[in-house]
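Dear colleague,

I am handing over the structure we spoke about, and it is placed just below so that you can open it alongside this message. After it I have set out what was found on enclosed and open spaces.

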Amino acid sequence: MTIFPFFCPFFILFFTQTGYVQAFTGTYGINYGRIANNIPSPDEVVTLLRAAKIRNVRIYDADHSVLQAFSGTGLEIVVGLPNGQLQNMSSSADHALSWVKENVQTFLPNTRIRGIAVGNEVLGGNDFSLWGVLLGAVKNIYNATKKLHLEQVVQISTANSFAVFATSYPPSSCKFNDNVSQYMKPLLEFFQQIGSPFCLNAYPFLAYASDPEHIDINYALFEPTEGIYDPIYRLHYDNMLDAQIDAAYAALENAGFHKMEVIVTETGWASNGDQSEAGANATNARTYNYNLRKRLAKRKGTPHRPKNIVKAYIFALFNENEKDGHLSEKNYGLFKADGSISYNIGFHGLSAGHSSLLSLKSIYSEGLSWSYTMVFCLPCLILLNWWS
């Protein structure tokens, strides 16, 4: 990809005119969580992702074995700065610079690190000591990327849960919680300055499980249903995810941020759960994830923001047997720990027949990347020749 600046002026023009880096290609991505002791190796994960044609990946740390495995694959990854490091990064610009050097710059450009998620579900979370340090950590990490001339390569963000909202029904009524607003507004002001999106972890499953008597499961699963009507927006919603996204847009608008994009950084459905977790079964998980994949493939927006194409990272790649909490926490994976599919939504799991795909990584890094570059640069050369 380093050849592009020399041969493709249009490529440079696109990024300078948009002004901000884009961390998401297409509409479909996945979260690669690793709180498990029995999941495939990072090299096998690369094989799985490329066979499934999933290009966008998020991890919750910056594990070097993962970043090395992704090198030369064409997969685009967002790394995470864990909540436990926020205090340190907020208090020391030098520590932030060292972290970016060691965990991001070192692996570029061969590993396509496209974003840094600074913390996860901090605001609205139970650790109030982190609320006040999040913005400082975000700023120091961003300034580190700027000092290293990576600010046009790596996007800075943080993911939010629905705990940041006071209410979300109907979507038009959504506002940020009063106790969150004093921290959220300056954070959003900074994100607006650097062109970052509002990242939302949105789970119709959790909403349904909390109130199965009053929520139509078909509405949560993208299945045919009457849906809901928002009298303020005068819009009809036939699925809950669209309503959740538009609720986030409403909260942003109410706070004065009318142009900020919402990206879904987590969404999924558990294939198993405790008895108290209504709807947590493989049938519903398959239905949700199959219908979600179809919905994202349409590349369309929401009722309130029809021009803003919905982009989402699915949670999660694997079932994770060492996660704490409810049984559902261990059972969000599209794939089981052995690499086989949890249920069929069109992907293929790892098997003996797929083992030969491991060689694709070395083929790509040694030869395909050059041919790939030439395919995309050749039209630019032709145009330059024509102009001359």
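**Cavities and a pocket**

The second largest cavity holds about 30 Å³ of space, and please keep in mind while reading that this is a predicted model. With 30 Å³ or more as the cut-off, the count comes to 2 cavities.

The lining of the second largest cavity is made up of Ile 245, Tyr 249, Val 262, Val 264, Thr 302, Asn 308, Ile 309, Val 310 and Lys 311. Two elements, α11 (240–254) and β11 (262–267), each contribute at least two residues to that lining. Sorted by class, the residues around this second largest cavity are 6 nonpolar, 2 polar and 1 charged.

Turning from the cavities to the open spaces, the second largest pocket has a volume of about 750 Å³, and 29 residues line this pocket, with Asn 120, Glu 121, Asn 201, Glu 266 and Lys 323 lying nearest its centre. The elements that give two or more residues to the lining of the second largest pocket are β3 (76–81), β4 (112–120) and α9 (204–210), and of these β4 provides the largest share, with 3 residues.

Which classes of residue make up the lining of the second largest pocket? That lining has 13 nonpolar residues, together with 8 polar and 8 charged ones.

With best regards

Conventions. Residues numbered from 1 in each chain as written. Predicted model: local features only at pLDDT ≥ 70, side-chain atom pairs only at ≥ 80, totals over all residues. Heavy atoms only, no water. 1 Å grid on protein atoms, 1.4 Å probe; cavity = no way out; pocket = protein on both sides within 12 Å on 5 of 7 lines; lining within 4 Å. Points joined across faces, edges and corners; volume = space filled by probe spheres on them. Helix = DSSP H or I, 4+ residues; strand = E, 2+ residues; numbered from the N terminus. Nonpolar A, V, L, I, M, F, W, Y, C, P; charged D, E, K, R; others polar.
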